[in-house]
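Thanks for coming, everyone. Please bring up the sequence and the model, and keep both in view while I talk.

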Amino acid sequence: MKYSLSGLWQLSPLSDLSIPQDDICFPAALSSVLPETLSESDIIAQEWHLMHDIEVDDVLLGYAAIDLIISGIEYHAEVRLNGVALFDCDSSSICYRKDIRPMLKPGRNRFEILFLEPDDDWLIDASEALSPVCYLGKNQQEKIDSRMGIWQEPYLQCMRHARLTRLATEQIWHHGGGCELLVHLHFDILKPGLLSASVKFDGMIYHIPLDVRTHCASALFQVEAPRYYDPQQPDENDLYLLTVELDGQTETCRIGLSNSLHVTHFPV
């Protein structure tokens with residue numbers, strides 16, 4: 001299940017306290033709710049505090065894992081839950097993810113995002129260096145917007161039985177024409193149960209039962225007359241859409257079929 005954290009967030013200044021507070025929904029630039037007299041350079045030069053509360057009930061606490069997923073932040077920010085530091089958004093990645101289920105409590109829980117001047121010290125203590133914070137390898141994406149803000153919807157990914165960790169594809173080209181696309185799903189088991197995944201590609205869909213004793217499942221697609229994708233002269237019209245669904249999680253990737261792209265990995 002996906003639990004949106006898109007709004008409302010209370011935006012407060014930390015530098016110039018004469019600037020009035022306001023509420024904002026994301027994705028958006030901070031300037032969308034700030035006085036017009038503030039230029040983008042003025043906003044970037046100051047520090048800001050965002051606060052968002054949610055009510056946590058027994059249904060939400062019944063999930064085996066709940067990942068906080070935040071992306072689309074181009075400036076240094078600290079993320080906290082109930083006053084506890086979770087991670088820094090420090091431009092080391094486009095998307096940040098952490099399991100916050102052990103930190104949630106019944107009733108009101110508060111998320112905070114602080115746009116601050118970066119410190120030399122890492123937000124998390126060295127003793128917590130092995131904490132499972134996942135920095136997704138999508139740095140090849142272009143910057144979304146130069147304005148300070150959050151450009152992707154923040155959300156909680158709630159999982160009962162399994163966490164999808166990675167997708168990988170293999171392409172097998174035939175001399176007589178056509179190819180095969182082998183899709184590998186990698187996952188971690190959180191809680192035993194009857195599980196299946198759906199994999200959709202080029203109008204075909206497979207429903208795959210998962211063996212909880214393993215951490216991988218695969219689906220094979222036959223493509224008789226593929227649209228050939230040239231990495232040297234890329235054309236978005238030659239890309240295919242690959243969609244995977246597992247335990248309430250949905251991941252979509254764009255795939256190019258080319259005999260020079262044998263194996264491709266997609267962190268999730």
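Let's start with one residue: in which strand is A28 found? A28 is found in strand β4. Keep in mind that this is a predicted model.

Is A28 buried or exposed? A28 has a relative accessible area of 12%. The cut-off for buried is under 20%, so A28 counts as buried. Which residues does A28 touch, leaving out those up to four places away in sequence? They are G149, I150 and W151. Now look at D42. A28 and D42 are 14 residues apart in sequence. In space, their C-alpha atoms are 17 Å apart.

Next, S71. S71 sits in strand β6, which covers residues 65-71. Its relative accessible area is 14%, so S71 is buried too. Leaving out residues up to four places away in sequence, S71 touches I94, C95, I150, W151 and Q152. Two of those names you have just heard: I150 and W151 are also touched by A28.

Now the backbone. There are two cis peptide bonds to point out. One joins G7 and L8, with omega about 0°. L8 lies in the loop between β1 (2-4) and β2 (9-13). The other runs from F26 to P27, and there omega is near 10°. P27 belongs to the loop between β3 (22-24) and β4 (28-29). Step along from that loop and you are back in β4, the strand that holds A28.

Staying with the backbone, take phi. N82 is not a glycine, yet its phi is positive, about 50°. Where is N82? Look in the loop between β7 (77-81) and β8 (84-89). N82 has a relative accessible area of 27%, so it counts as partly exposed. D202 is a similar story. D202 is not a glycine either, and its phi is positive at about 55°. You will find D202 in the loop between β16 (196-201) and β17. Its relative accessibility is 39%, so D202 is partly exposed.

That loop takes us to a sheet. What is the strand order in the open sheet of four strands? The order is β17-β16-β19-β20, with antiparallel pairing. At the edges are β17 (204-209) and β20 (249-256), each pairing on one side only. From one strand to the next, the twist averages 15°. A reminder on pairing: strands of a sheet pair through backbone hydrogen bonds, either parallel or antiparallel.

Zoom in on one pair in this sheet. Strand β19, residues 239-246, pairs with β20 in the antiparallel sense. How many bridges does that pairing run over? Eight. To find the register, put Y240 on screen: it stands opposite I255 in β20.

Now to β14, residues 162-173. Strand β14 is joined to β15, residues 179-189, by eleven bridges, and the two run antiparallel. One register point here is E170, whose bridge partner in β15 is L182. Together β14 and β15 make a hairpin, with five residues between them. In that turn, G177 has a positive phi of about 110°. Strand β14 also pairs with β21, residues 263-267. That pairing is antiparallel as well, with five bridges. Here the bridge partner of L167 is F266 in β21.

Last topic: the domains. What bounds does the domain assignment give? Domain 1 is 2-158, and domain 2 is 162-267. The C-alpha centres of the two domains lie 31 Å apart. Their contact takes nine residues from domain 1 and seven residues from domain 2.

How is an interface like that sized? Often by the accessible area lost when the parts come together. Between domain 1 and domain 2, the buried area is about 640 Å². Carbon and sulfur atoms give 44% of it.

How many salt bridges are found across the interface of domain 1 and domain 2? Two. For a salt bridge to look at, go to D67 and R163. The closest N and O atoms of that pair are 2.9 Å apart. D67 falls within the bounds of domain 1, and R163 within those of domain 2.

That's my tour. Questions, please.

Terms used:
Residues are numbered from 1 along each chain as its sequence is written. This is a predicted model: local features need pLDDT of at least 70, side-chain atom pairs count only at pLDDT 80 or more; totals for chains, interfaces and linings use all residues. Side-chain values use heavy atoms; hydrogens and water are left out. Two strands pair if DSSP finds at least two bridges between them. Axes are lines fitted to C-alpha atoms, for helices over the stretch in contact, and angles run from 0 to 180 degrees between N-to-C directions. Buried means under 20% relative accessible area, exposed over 50%, partly exposed in between (1.4 Å probe, protein chains only). Domain bounds come from an automatic or database domain assignment. Contact means heavy atoms within 4.5 Å. Buried area is the accessible area (1.4 Å probe) that two parts lose on being put together, summed over both. A salt bridge is a side-chain nitrogen of Lys or Arg within 4 Å of a carboxyl oxygen of Asp or Glu.
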